[in-house]
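Here are some short exercises to work through with the structure open beside you. Try each one yourself before you read the solution.

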Amino acid sequence: MRSQRTLRKRDEVNVSQGEEGRREKVSLYRFLNKNVLQESMHAVPRDSFLIRSFLTKTVNVLEVGQHRDWNRVFLRRPEPCRSPMSSSCLFFVLFAASDVLAAPNVAIENASPLLENASEHTRAATVTVSVSPHTSLVGDPVILNASPAVHPFMLSRRSSHLWDLFITGVPKLDFEAVALYSLTIYVKDDHGAAASQSILVQIADVNEPPTFTGSLAQRDQVTEIYIAEDTVPGTIIYKAMAKDPENAVLEYFISPESSGFTIDRSGTISTATVFDFERENRSFSLVVKVVDPGGLFATGNLRIFLINVNNKDPTLVCSLFNIENGVLSVASINSTLHKNVNITLDEEIPVGKMVGRCQATDEDNLGDLTFGLDTGNSYFAVDKEKGTVVTTTRLDVEKAGFASSQAFSIKACDGDQRCAAILVTAYIRGINDNSPFCDRYLIRYTGKDVIAKGTVVAKLLCHDLDKPPTAIHYVPTSGPVGSGQLFEQVPDAENCIQVSKELDYENAEVVAAGHIYEMMISVSDDLLPSHTVTVTIIVDIAPDNEFSPKFQAAHYSFSVPETSGAFYKVGQVTAIDEDHPPNCLTYKIINGDIQAVRRFWIDPLSGMIELTTQPDYESVSQYNLIVEAVDCDRAHPRSAVTTVTVDIEDENDEAPACTPYLYEAVISDNVVAGTNVNGLKLNCHDRDSQDFEMRFEIVSGNENQHFRFDPSRGSNTPKLIVKNPFTFETGAELQQRYHLVVHVIDDNLKYGKSTKPRTGTAIIDIYVIRTSTPPPPTSSEQRKGLTIVYTAVNTYKSSDWYVPFIFTLMAIFFVALVSWICFLLWRFGNVMDSSQKMAKEVSKSKLKGMKYVTGDRNQKEQKVFTGTRSKNLEVLTEATVYETIFDGEAIDPVSGNVYEYNSRTGARKWKRLPQHQEESFENLQAHPLEESTALKVPVYQ
């Protein structure tokens with residue numbers, strides 16, 4: 001060796017005393033340098049086998065033991081030992097190795113290959129460990145460097161030198177996952193010597209059953225599947241997936257096979273039939289089985305539920321009513337028959353009358369059904385929930401544009417608008433519900449002196465609106481008409497009345513009758529129930545109109561004071577007429593009252609002229625009226641005219657007026673007396689007086705007489721001047737605002753005093769500015785020996801704009817509040833009265849054992865509850881306001897116009913005349929009867 005090495009020997013003897021008191025062990029610790037041993041081994045000749053074996057064993061012991069727990073041996077190379085195989089070096093090496101112990105010996109006996117999925121505590125191998133004398137193992141052997149690192153093996157001591165290698169079960173043995181385990185068994189004795197031995201554990205393949213993946217992998221659970229009831233056959237609903245440890249081809253089966261489902265080789269489950277939620281089972285339990293080629297299998301549970309789908313139309317059943325002449329019959333129809341149904345109804349049945357009742361069912365039962373009608377028909381309606389069909393509008397076949405055949409469809413629909421429908425055709429049958437009506441209900445005929453025999457004095461034109469039209473009969477009911485009377489019906493024309501014998505104005509019989517005859521004719525139709533109206537005929541025999549009226553004066557003149565008011569009698573005009581009856585005249589003003597507002601009115605009988613309103617001399621001072629007098633001959637009247645002059649007498653009826661009405665001025669307090677206030681000058685006029693006839697007075701607001709007018713009379717434009725100067729410095733005066741009220745009086749007459757003077761008013765507001773401003777007002781101050789008190793006065797002008805504005809707003813608010821309270825009280829009173837009336841009607845006691853009927857009293861199918869009404873009823877009323885329905889018609893006997901009425905409430909309204917009635921009126925006006933005058937009755941449309 002290049003460097004000198006020394007060998008240091010240190011002997012230590014450790015003597016330990018046991019229970020037996022003898023020496024257990026004496027060890028010599030030496031340190032042998034590994035490098036020295038290796039160099040010495042290379043220096044030994046190859047034929048020295050014994051020495052080389054010894055050195056090799058010693059080096060292995062040092063490598064394995066790591067000389068940590070061994071008895072320490074220190075070996076240093078001495079300086080003289082330069083050659084590794086010198087005698088001295090070899091001596092020390094031999095000396096040190098003479099006491100080195102052998103390592104433990106591990107022997108493993110493998111069992112047969114382990115079957116995969118072997119149970120716990122299965123023995124895989126036996127491990128035997130032998131050690132040198134005087135040594136023992138430290139602990140049990142351990143498993144190191146396992147491949148794979150996670151393994152299911154453990155060592156279990158059987159005896160002091162024998163261990164069994166068992167399976168723990170975690171993880172389980174799986175040939176497909178790990179087919180071979182590599183383990184290293186490591187042991188160590190108490191001298192630090194260690195040994196290890198590798199062992200290979202072979203896993204034998206075993207045929208294992210397949211397993212499901214996905215939701216079927218959990219055996220204790222049932223997989224639920226939901227499908228619609230109308231699913232098409234062949235629809236895939238689930239795919240079962242399984243795996244086989246040996247990757248063998250698997251087969252799938254389901255049971256029961258007649259469940260309506262199929263499964264193919266890939267595990268796909270599909271429907272084999274169409275399911276009906278309402279008629280078949282609503283759930284199915286299936287067992288899915290997967291089998292490998294070796295016959296091993298696994299099973300899974302499926303639960304299939306059907307989902308109810310709205311795939312069926314509802315079924316509609318209706319009972320429809322025929323109402324003919326008030327007799328009710330029932331016709332039933334089912335929507336599954338797909339037939340139309342015809343019903344017959346009388347016109348004018350009450351609005352809201354039930355004409356049918358429907359019921360609907362739905363096998364799907366997915367919600368409530370609703371009823372409805374086609375929107376095109378406005379005469380019928382159906383209750384959405386109850387299915388009752390009622391009329392909503394008056395059925396009137398005579399109404400223009402009304403169709404006697406009404407078609408509508410009754411439908412019952414579910415939430416998805418799957419509907420069942422029944423087509424209904426309602427034929428509306430006309431009834432005799434209209435009275436006859438005539439063109440005129442009052443016919444007046446006027447004849448001159450003599451009416452010849454056979455003269456037609458009246459022709460009745462009457463009609464009936466009912467469909468089909470009926471015959472009309474004319475029957476005299478009163479008056480001198482009929483066989484042997486003065487008047488008779490024309491043969492073959494009952495609607496014409498003629499004179500049966502000559503009528504002379506001077507005949508004693510005619511004079512006794514007063515020259516007027518009145519007859520009444522009854523007009524009726526011929527159906528039941530019959531309707532009748534009455535026509536009145538008046539025949540008047542008048543003398544010839546031979547003379548015209550004459551006024552007693554050709555010109556009349558009257559005077560009217562200007563201050564006269566309404567109803568003031570201006571004067572009377574008089575005319576005479578020599579015809580019979582004498583002096584039958586009517587007066588009227590035909591011209592001369594030229595103003596927009598008529599100021600004169602004449603009594604049509606007496607000829608007295610009166611004022612309707614006060615005249616104004618300044619506007620019109622004279623009126624020239626033309627008055628006409630007309631006699632009583634209605635066929636050929638005669639008339640006369642006269643002129644009436646009305647003079648308006650001037651009077652002092654108007655007060656002076658100043659422009660503008662309100663004046664405002666500002667002056668300073670240092671003005672001298674006689675100064676015109678800001679050049680202020682009134683400008684006043686009087687329509688009925690001269691400008692010099694005015695005088696001016698300040699009636700209020702002129703404190704301390706500071707102001708006056710110059711001149712105060714004889715002019716219409718006086719100036720306002722300062723009469724007395726202001727003395728604010730002395731403290732005698734504090735007022736700075738002056739509100740002067742000026743009266744303008746028109747009594748300053750040049751020749752005498754006016755008897756009725758008129759007074760006008762003007763307002764002047766003056767503000768006085770102080771040239772020397774006093775100190776501002778403060779609160780009272782206390783000084784020694786002196787008390788100074790300042791007083792401030794807050795004033796406002798009553799004529800300012802905000803004063804009347806505020807009062808007006810307050811008045812409007814008060815009136816609105818009172819009106820609203822009155823409206824609430826009126827409304828509350830009406831509600832309370834209606835509620836009390838309805839409560840009294842409902843709470844009337846019924847006879848014992850009376851049947852209480854719910855629904856319409858006219859319908860046949862009714863819910864009847866029999867019982868007594870001994871207990872007090874708690875009534876809950878609900879008032880519903882409907883639009884007034886006019887369900888009847890009648891003829892006004894006076895005017896002859898047709899009006900509609902409500903049979904329950906009595907409400908009425910005029911009805912527009914039919915087109916043919918208007919045409920008949922036009923025909924009558926175009927071709928009037930000869931020498932006949934009829935009383936024209938206004939027609940309200």
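**Exercise 1.** Is Leu 817 buried, partly exposed or exposed?

*Solution.* Start with the cut-offs: buried is under 20% relative accessible area, exposed is over 50%, and partly exposed lies in between (1.4 Å probe, protein chains only). Leu 817 has a relative accessible area of 40%, so this residue is partly exposed.

Before going on, note that this is a predicted model, where local features need pLDDT of at least 70, side-chain atom pairs count only at pLDDT 80 or more, and totals for chains, interfaces and linings use all residues. Residues are numbered from 1 along each chain as its sequence is written, and side-chain values use heavy atoms, leaving out hydrogens and water.

**Exercise 2.** Find the helix in which Leu 817 is found.

*Solution.* Helices are DSSP runs of H or I with at least four residues, strands are runs of E with at least two, and both are numbered from the N terminus. Leu 817 belongs to helix α5, residues 802–842. For the wider picture, the protein chain has 6 helices and 62 strands.

**Exercise 3.** Place Gln 221 in the chain and describe its exposure.

*Solution.* First, look between β9 (211–213) and β10 (223–228): Gln 221 sits in that loop. Next, apply the cut-offs again: with a relative accessible area of 45%, Gln 221 is partly exposed. Finally, compare positions: Gln 221 and Gly 300 are 79 residues apart along the chain, and their C-alpha atoms are separated by 8.6 Å.

**Exercise 4.** What share of the 941 residues of the protein chain counts as buried?

*Solution.* Buried residues make up 37% of the 941 in the protein chain.
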